[in-house]
Amino acid sequence: MVLLLNTYPLLVSEDLVFHSKVSTMQSSVWVMVSALSGLEELTEENVADAMTVAEETGLSRILVTDENGRILYDSRETDGAVNGYVLYTEVVQALEGNDASCCSYENGAFRSRAASPVLYQNQIIGAVYAYEYDTEQAVLLEGFQSNLLRISLVVGILVIGLSVLLSHALTSRIGELLRAIVLVRDGAYDHRAAVRGKDEIAQLSQAFNSMTDRLEQTEELRRRFVSDASHELKTPLAAIRLLTDSILQTEHIDPGTAREFVADIGQEAERLARITEDLLRLTRLDSGLPAAQTPAEVEPVFAQVLRMMELVAREKRVELVCVRSEACQVLATDDQLYQVIYNLVDNGVKYTPSGGRVETALNAEKGRVILTVADNGIGIPEEDLPRVFERFYRVDKARSRAAGGTGLGLAIVRDTVRRQGGSVTVENRPGGGALFTVSWPEAREGGQKV
Ligand code: ADP
């Protein structure tokens, strides 16, 4: 690029000088030709007379020849060329009736030549040849050339210096980002890349940071889940060990107490089974099994859950009511629907004291299937509302355990419903108690959502 910037103006200016030289030479030759015009024949004498104009032109050499190329006049009479013959290309062309001119630049000088025929009544009677040797303009051109070279060098050095600086700044920022990526890859999830400016690298760092935020959250959730899960599994196991130790260490244990202890062991084992079952369910949801492609009728599953829970509710003296039940379909399996509805109704009954009431309803409206489970039980403190869907989150651990809860029921509900394209929300009712609402997109036969 710099080379092009350097040579192009030079070539252009050289070309311009050539053009101007050629045209001034040609006009000078024409002036001399017109001084000779009107002569019938060219002789040394009449040419010498007419060539007084030649002295004013300042040209290096002027030759006038007759029609055969014999020199009749030479402004540089030093070498006694008069009467000799010239065979310059331009003279030959002029004697053939053409104007000829050329200019060249050699060894720091412009050499320009021009020749034209001298006519008398359309007959070529001779030729005028002019030659100019010019070093003045050549010196100017050389000065221009060396200045241009210096400027180009300075520009080149500046460009190279700037690009080195820029690329250094760029690579150091990319290097910084790379270091952050390596650190996070190796487990430093709290490390963040520095975000400077608004360019692509800054955007990349920002995207990387938000990805790391997600990673940190996921990692935190995973850690909490593993520690909660092991804690939940350890509690019934510890109880089982304690009970077996008591049986083994008590000599002459009476059969009644032994039965009681074994029954407790059975209960703890059942609890373990429930937790592992729920954990497996969540793992299956996490592993991203494909969502159901065929629609399932919700109403029969809803009715089945209510029939099941009716017995439990009656035993606890809780009134379980179905306010409305409409025929509708969602893209899900019967098992998944059962799990969602069962967990919600079971919670409603579980967290409502005797004498309370649980109202359920299933509606299809505006392309959505809405399931509501409302109770007038203990309700959920406002600050716990956003967290009840978290795995192992329980407002009152002791109460939940006593009621046989695992703390995973609502997490299963949320994850299942989400996989089916729906959502679940919870709020407290003005009169006390909780209201859970599940909303699914309604599906039609053939697997299409409405
Ligand atoms: P659990 O097995 O403990 O019931 P869930 O995930 O089903 O676990 O529920 C999480 C927590 O949310 C429960 O421990 C309980 O504190 C609260 N909860 C759920 N449903 C209700 C409800 N209907 N009324 C009051 N609290 C509820």
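## Around the ligand, the pockets and a small cavity

Let's start at the ligand, where a backbone N or O atom of Val395 lies 3.1 Å from a ligand oxygen atom. Keep in mind as you look around that this is a predicted model. Ser400 also reaches the ligand: one of its polar side-chain atoms sits 2.6 Å from an oxygen atom of the ligand. Gly409 takes part through its backbone, with a polar atom there 3.3 Å from a ligand oxygen. If you widen the view, 21 residues surround the ligand, and those that come nearest are Asn347, Tyr351, Ser400, Thr406 and Leu410.

Thr406 deserves a longer stop. You will find Thr406 in the loop between helix 10 and helix 11. Is Thr406 buried or exposed? Its relative accessibility is 6%, and because the cut-off for buried is under 20%, Thr406 counts as buried. Leaving out residues up to four places away in sequence, Thr406 touches Glu232, Arg274, Ile275, Asp278, Phe392 and Arg394. With one of these partners, Asp278, the side chain of Thr406 makes a polar contact of 2.8 Å. A polar atom of the Thr406 side chain also lies 3.2 Å from the backbone nitrogen of Leu408. Phe392, another of the contacts, is 14 residues from Thr406 along the chain, and the two C-alpha atoms are 6.9 Å apart.

Now for the open spaces. Rolling a probe the size of a water molecule over the atoms reveals where empty space remains. The largest pocket holds about 840 Å³ of space. Its lining is made of 42 residues, and Asp346, Asn347, Lys350, Tyr351 and Gly405 are the closest to the pocket's centre. Asn347 and Tyr351 may sound familiar, as both are among the residues that come nearest to the ligand. Several elements build the wall of this pocket: helix 7 (255–286), helix 8 (298–316), helix 9 (334–350), helix 10 (397–402), helix 11 (409–419) and strand 12 (434–441) each supply at least two lining residues. Which helix gives the most? That is helix 9, with eight residues. Sorted by class, the lining of the largest pocket has 19 nonpolar, 11 polar and 12 charged residues.

The second largest pocket has a volume of about 550 Å³. It is lined by 18 residues, and nearest its centre lie Leu221, Asp286, Arg391, Arg414 and Asp415. At least two lining residues come from each of helix 6, helix 7 and helix 11, with helix 6 providing the largest share, eight residues. The class count for this second lining is three nonpolar, four polar and 11 charged residues.

From pockets we can turn to enclosed space. How many cavities of 30 Å³ or more are there? The count comes to one, and about 80 Å³ of space lies in the largest cavity. Its lining consists of Arg173, Glu176, Leu177, Ala193, Ala194, Val195, Arg196, Ile201, Ala202 and Ser205. Helix 5 (136–185) and helix 6 each contribute at least two of these residues. Six of the lining residues are nonpolar, one is polar and three are charged.

Two of the cavity-lining residues, Ala193 and Val195, lead us on to Asn209, which touches Arg192, Ala193 and Val195 when residues up to four places away in sequence are not counted. Asn209 belongs to helix 6 (residues 200–249). Its relative accessibility is 11%, so Asn209 counts as buried.

One last stop takes us to another part of the chain. Arg70 sits in the loop between strand 1 (61–66) and strand 2 (71–74). With 25% relative accessibility, Arg70 counts as partly exposed. Setting aside neighbours within four places in sequence, Arg70 is in contact with Glu44, Val64, Thr65, Asn83, Gly84 and Tyr85. Pick out Asn83 from that group: it is 13 residues from Arg70 in sequence, while the C-alpha to C-alpha separation is 5.6 Å.

Methods: Residues are numbered from 1 along each chain as its sequence is written. This is a predicted model: local features need pLDDT of at least 70, side-chain atom pairs count only at pLDDT 80 or more; totals for chains, interfaces and linings use all residues. Side-chain values use heavy atoms; hydrogens and water are left out. Helices (H or I, at least four residues) and strands (E, at least two) are DSSP runs, numbered from the N terminus. Buried means under 20% relative accessible area, exposed over 50%, partly exposed in between (1.4 Å probe, protein chains only). Contact means heavy atoms within 4.5 Å. On a 1 Å grid over the protein atoms alone, a cavity is a set of points where a 1.4 Å probe fits but cannot get out, and a pocket is an open set with protein on both sides within 12 Å along at least five of seven lines; lining residues have an atom within 4 Å of a point. Grid points are joined across faces, edges and corners, and a volume is the space filled by probe spheres set on the points. Ala, Val, Leu, Ile, Met, Phe, Trp, Tyr, Cys and Pro count as nonpolar, Asp, Glu, Lys and Arg as charged, and the others, Gly among them, as polar. A residue is near a molecule or strand if one of its heavy atoms lies within 4 Å of it. A polar contact is a pair of N or O atoms within 3.5 Å; within protein, one must be able to donate a hydrogen and the other to accept it, and residues adjacent in sequence count only if both atoms are side-chain atoms.
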